[in-house]
Amino acid sequence: MPSTNGHGPKRAILYARVSGEEQRKKGYSLADQLDTLRGWCSDNGYEIVDEIEDAGYSGAYLERPGLDRVREMV
């Protein structure tokens, strides 16, 4: 994949989170979020490094297993 900034390919870590069943019912399921993110990456020339999910964790807290993993990877 060509670079646009001279520093190698554009790479992305996909992160999806839902805090509960209500969000899933409204179309914000983890699968829906990841499908949207994959499409965006494809359209914009990003290589997907990993896909990480946090199901059942509130966005009010920064300590979440998946988000912690993203921070470690970055």
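A salt bridge is a side-chain nitrogen of Lys or Arg within 4 Å of a carboxyl oxygen of Asp or Glu. The model on screen is a predicted one, and it holds five salt bridges.

**Stop 1: helix α2.** Select Asp35 and Arg38. Their side chains form a salt bridge, with N and O 2.6 Å apart. The two residues are three places apart in α2, which means about one helical turn separates them. Asp35 is partly exposed, at 47% relative accessible area, and Arg38 is partly exposed too, at 31%.

**Stop 2: the nonpolar core.** Stay with α2 (30-44) and add β1 (11-18); each of these supplies at least two residues of the largest nonpolar core. To show that core, select Ala12, Leu14, Ala16, Val18, Leu30, Leu34 and Cys41, seven residues in all. Its largest share, four residues, comes from β1. In soluble globular proteins, nonpolar side chains tend to be buried together. Now centre on Ala16. Beyond residues up to four places away in sequence, Ala16 touches Leu30, Gln33, Leu34, Ile52, Glu53 and Asp54.

**Stop 3: Asp54 and Arg64.** Move on to Asp54, which is buried at 2% relative accessibility. Asp54 forms a salt bridge with Arg64, and the closest N and O atoms are 3.9 Å apart. Asp54 lies in strand β2 and Arg64 in the loop between β2 and α3, so this pair ties together parts ten residues apart in sequence. Is Arg64 buried or exposed? Its relative accessibility is 7%; the limit for buried is under 20%, so Arg64 counts as buried. A polar atom of the Arg64 side chain lies 2.3 Å from the backbone oxygen of Tyr61. Further away in sequence than four places, the contacts of Arg64 are Tyr15, Arg17, Asp54, Tyr57, Ser58 and Gly59.

**Stop 4: helix α3.** Select residues 65-73, the helix that follows the loop of Arg64. Gly66, Leu67 and Val70 are buried here. Viewed down the axis of α3, these buried residues fall within an arc of 100°, so they line one face of the helix. Their cover includes β1 and β2. Then pick Asp68 and Arg71, which form a salt bridge with the closest N and O atoms 2.6 Å apart. Both are in α3, three residues apart, about one turn of the helix. Asp68 is partly exposed at 29%, and Arg71 is partly exposed at 43%.

**Stop 5: the aromatic pair.** Finish at Trp40 and Tyr46. The structure has one aromatic pair. Trp40 and Tyr46 make a tilted pair, 5.2 Å centre to centre, with 40° between the planes. Trp40 is partly exposed at 48%, and Tyr46 is partly exposed at 27%.

Terms used:
Residues are numbered from 1 along each chain as its sequence is written. This is a predicted model: local features need pLDDT of at least 70, side-chain atom pairs count only at pLDDT 80 or more; totals for chains, interfaces and linings use all residues. Side-chain values use heavy atoms; hydrogens and water are left out. Buried means under 20% relative accessible area, exposed over 50%, partly exposed in between (1.4 Å probe, protein chains only). A polar contact is a pair of N or O atoms within 3.5 Å; within protein, one must be able to donate a hydrogen and the other to accept it, and residues adjacent in sequence count only if both atoms are side-chain atoms. Contact means heavy atoms within 4.5 Å. The arc is that of the directions from the helix axis to the C-beta atoms. Rings of Phe, Tyr and Trp (its six-membered ring) pair if their centres lie within 6.5 Å; planes under 30 degrees apart count as stacked, over 60 as edge-to-face and the rest as tilted. A nonpolar core is a set of buried Ala, Val, Leu, Ile, Met, Phe, Trp, Tyr and Cys residues joined through side-chain atoms within 4.5 Å.
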